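Here are a few exercises to work through with the model open beside you. Try each one before reading its solution.

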Amino acid sequence: MADIRRSSFVNLPLQGVRPFHVVGLIALAYIALTLVRYGGDPMKFVLVGTRYDPGLQGGTWGYDGQFAYQIARDPLGASRFLDVPAYRYQRILYPLVAWALALGQRALVPWTLIVVNWLALMAGTRFTEGILTGRGVNRWYALSYGLFGGLMMAVRLDLTEPLAYALAQAAVLSYERGRARSAAAWLALAALTKETTLLVAAGFLLSFALSRRWRDLVEWAIIVGVPFAALQVFLRVWLGAWGVGSGGAMGTPFEWIPYRGLWSLAAINVRAFALIALIITPMALLPALAALVAALCDVARRDVHPLVCVLLMNALIIPFTPQSTLREPLGMLRFIVGLVAAVLAWGAYRRSRRALNYSLLWIATLALAVNESQLPS
């Protein structure tokens with residue numbers, strides 16, 4: 001087998017430079033250029049829709065970062081500015097961290113939202129490096145994570161993914177280093193940042209079940225599940241709705257028939273369907289299908305390592321993606337962050353040069369971040 005430690009990234013010229021440094025500098029440049037473009041206004045990262053603030057009928061929709069901003073600005077009184085309050089409040093950790101960093105000063109919140117995500121992107125990349133090098137794989141494959149368009153655009157738009165998946169990567173790294181309870185604790189925090197990281201937890205639980213590690217299964221279910229369930233109960237009592245399943249404005253539910261969300265777009269607009277399919281097929285659908293087949297083959301060979309099962313869960317969800325996510329390339333980029341991370345971890349575990357090299361293609365999604373005219377309004 002070829003030495004993956006030396007493949008594709010041979011004799012890099014800058015001694016001491018690591019992927020998370022490169023990612024941090026590129027993200028910082030992107031942040032700085034955006035601020036210069038908009039006269040230094042950090043609110044241009046928030047994209048507040050006038051439909052929600054000040055509440056104009058027929059106003060602009062804005063984008064999801066506005067809800068993190070409103071919660072960070074007023075943690076207990078933001079519900080009137082949210083499309084579906086329980087759904088948004090379940091992603092509580094990112095706005096709370098930004099609020100704490102701002103010391104409760106509302107004027108600083110737009111800045112702290114940016115800072116938290118910038119730091120989280122670098123941290124997630126550094127944790128990814130640790131996962132790779134721990135398996136003897138070249139750390140520079142971590143650029144596939146740090147320079148993935150879904151994460152870079154999340155920094156640009158004050159979204160929850162950078163912090164959520166940094167915590168999830170911390171969990172995987174902790175488990176790889178033999179700190180299982182710490183890993184579960186990191187996943188508990190990740191779930192309170194964005195619920196899609198529960199797919200990572202589900203992968204671990206599936207691995208424990210298939211390998212009959214019942215004590216680990218129960219322990220992890222308690223550590224990860226109880227805080228998330230407690231938040232759901234609190235939201236139900238406080239706001240009268242569960243966070244999970246309520247969905248954001250104009251959101252559609254997960255599909256029951258594989259890929260129905262994509263094919264149903266053809267009945268609405270054939271040209272839009274063709275364009276969307278052209279973008280998301282190589283970006284998400286094909287790698288997810290390949291990952292699903294690879295993970296199922298491993299399971300069939302009775303290899304039920306957590307990294308195999310995490311890949312399986314993150315790939316298995318893709319065919320059932322809601323139509324509302326599929327029809328928005330940015331939404332799809334955000335949705336597959338877990339898949340990108342899982343492919344890298346599995347590629348390191350299996351020493352698969354094919355998987356690791358394919359992951360580099362995801363860096364090309366940075367092109368979607370270049371055109372500001374494509375941002376939601």
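**Exercise 1. Work out how much of the contact network joins residues far apart in sequence, then look at the overall build.**

Start with contacts between residues at least 6 apart in sequence: 71% of them join residues at least 24 apart. Keep in mind that this is a predicted model.

Next, count the secondary structure. The protein has 18 helices and zero strands.

Now check the size. A compact globule of 377 residues would have a radius of gyration near 21 Å, and the protein comes in at 20 Å, so the two agree. Along the principal axes, the C-alpha atoms fill a box of roughly 60 × 50 × 50 Å.

Finally, burial: 53% of the 377 residues are buried.

**Exercise 2. Decide how H5 and H8 are oriented, and say what their contact is made of.**

Take the geometry first. The axes of H5 (residues 109-134) and H8 (residues 161-176) come within 8 Å and cross at roughly 25°. Angles under 35 degrees count as roughly parallel, so H5 is roughly parallel to H8. The crossing of this pair is left-handed.

Then list who touches whom. H5 brings Val116, Asn117, Ala120, Leu121, Gly124, Phe127, Thr128, Gly130 and Ile131, while H8 brings Pro162, Leu163, Ala166, Gln169, Ala170, Val172 and Leu173.

Sorted by class, the contact of H5 with H8 holds 11 nonpolar and five polar residues, with no charged ones.

**Exercise 3. Do the same for H13 and H14.**

The axes of H13 (residues 270-300) and H14 (residues 306-316) come within 8 Å, crossing at roughly 140°. Roughly antiparallel would take an angle over 145 degrees, so H13 and H14 are oblique to each other. Their crossing is left-handed.

On the H13 side, the contact uses Ala288, Ala291, Leu292, Ala295, Leu296, Asp298 and Val299; on the H14 side, Val308, Leu311, Leu312, Ala315 and Leu316.

The class tally for H13 with H14 is 11 nonpolar, no polar and one charged.

**Exercise 4. Is Val22 buried, exposed or partly exposed, and what does it touch?**

Find Val22 in helix H1 (residues 19-37). Its relative accessibility is 23%, so Val22 counts as partly exposed; buried would need under 20%.

For neighbours, skip residues up to four places away in sequence: Val22 then touches Val17, Trp140 and Leu143.

As a last distance check, go 56 residues along the chain to Ala78: the C-alpha atoms of Val22 and Ala78 are separated by 36 Å.

Technical notes:
Residues are numbered from 1 along each chain as its sequence is written. This is a predicted model: local features need pLDDT of at least 70, side-chain atom pairs count only at pLDDT 80 or more; totals for chains, interfaces and linings use all residues. Side-chain values use heavy atoms; hydrogens and water are left out. Axes are lines fitted to C-alpha atoms, for helices over the stretch in contact, and angles run from 0 to 180 degrees between N-to-C directions. Helices (H or I, at least four residues) and strands (E, at least two) are DSSP runs, numbered from the N terminus. Angles under 35 degrees count as roughly parallel, over 145 as roughly antiparallel, 65 to 115 as roughly perpendicular and the rest as oblique. A crossing is left-handed if the near helix is turned anticlockwise from the far one by less than a right angle, and right-handed if clockwise. Contact means heavy atoms within 4.5 Å. Ala, Val, Leu, Ile, Met, Phe, Trp, Tyr, Cys and Pro count as nonpolar, Asp, Glu, Lys and Arg as charged, and the others, Gly among them, as polar. The radius of gyration is taken over C-alpha atoms; the globule rule is 2.2 Å times the number of residues to the power 0.38. Buried means under 20% relative accessible area, exposed over 50%, partly exposed in between (1.4 Å probe, protein chains only).
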